[in-house]
Amino acid sequence: MVAYRIDRHSGVATYVQIVQQTKQALRLGLLRPGDRLPTAREVVEATAINPNTVLKAYRELEREGLVEARRGLGTFVRRSLGATPADDSPLRAGLGAWAAEARAAGLDREDVAALFAAVLDEVFPTPDRPSGHPVHPDHPSSPSSPDNPSSPSNPSSKPALQGGDPS
């Protein structure tokens, strides 16, 4: 069973935190189809949040087809998400080693999250974030930034190298 942790200082709505944590548990295989989610009462007792907040999160998960409420029985997982590698997979071990290396290099959790998100945006581009483009438009290396000499607004310059070995 999943145990929800609520961060009241995160700026993220409490019900959204419950939805996100449930989805993460589904992706990691901690929750599987047929598993019962904690009752609203159990979540309220563990987190001291309003029961309506829990119910709102569960309704959102139900709307997305991830869980189903069974009157008198509880809320049950209908389907899982993704294909996250198991705890003993080489991918997870490599990511763990990378995270330890980043920590040893002096990066904190937020630094690592930002770096990882930037790499994800490069490797898994979305229509709103094409591959190779920084996330923040006011970032000095942004393609549209006047501070960037390889900016499209400066056609006389050569394009900047993106990643890889500069040699």
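**Exercise 1. Identify the bridge partner of A69 in β2, and describe the pairing and the turn around it**.

Solution. The bridge partner of A69 in β2 is T75, where strands are DSSP runs of E with at least two residues, numbered, like helices (H or I, at least four residues), from the N terminus. The model is a predicted one, in which local features need pLDDT of at least 70 and side-chain atom pairs count only at pLDDT 80 or more, while totals for chains, interfaces and linings use all residues. Residues are numbered from 1 along each chain as its sequence is written, and side-chain values use heavy atoms, with hydrogens and water left out. Next, β1 (residues 67-70) and β2 (residues 74-77) pair in the antiparallel sense over 4 bridges, pairing being assigned if DSSP finds at least two bridges between two strands. Finally, the two strands form a hairpin with 3 residues between them, and G72 in the turn has a positive phi of about 80 degrees.

**Exercise 2. Determine which residues have the most contacts inside the largest nonpolar core, and which helices supply it**.

Solution. A nonpolar core is a set of buried Ala, Val, Leu, Ile, Met, Phe, Trp, Tyr and Cys residues joined through side-chain atoms within 4.5 Å; buried means under 20% relative accessible area, exposed over 50%, and partly exposed in between (1.4 Å probe, protein chains only). The largest such core has 20 residues, with I18, L37 and Y58 having the most contacts inside it. At least two residues of this core come from each of α1 (14-27), α2 (40-47) and α3 (51-63). Leaving aside residues up to four places away in sequence, Y58 touches Y4, I18, L37, P38, V43, V67 and T75, a contact being heavy atoms within 4.5 Å.

**Exercise 3. Classify the aromatic pair formed by W98 and F116, and state how accessible each residue is**.

Solution. Rings of Phe, Tyr and Trp (its six-membered ring) pair if their centres lie within 6.5 Å, and planes under 30 degrees apart count as stacked, over 60 as edge-to-face and the rest as tilted. By this rule there is 1 aromatic pair. The ring centres of W98 and F116 are 6.4 Å apart and their planes stand at 50 degrees, so the pair is tilted. The pair links distant parts of the chain, W98 lying in α4 (residues 90-104) and F116 in α5 (residues 109-123), 18 residues apart. W98 counts as partly exposed because its relative accessibility is 30%, and F116 likewise counts as partly exposed, at 36%.
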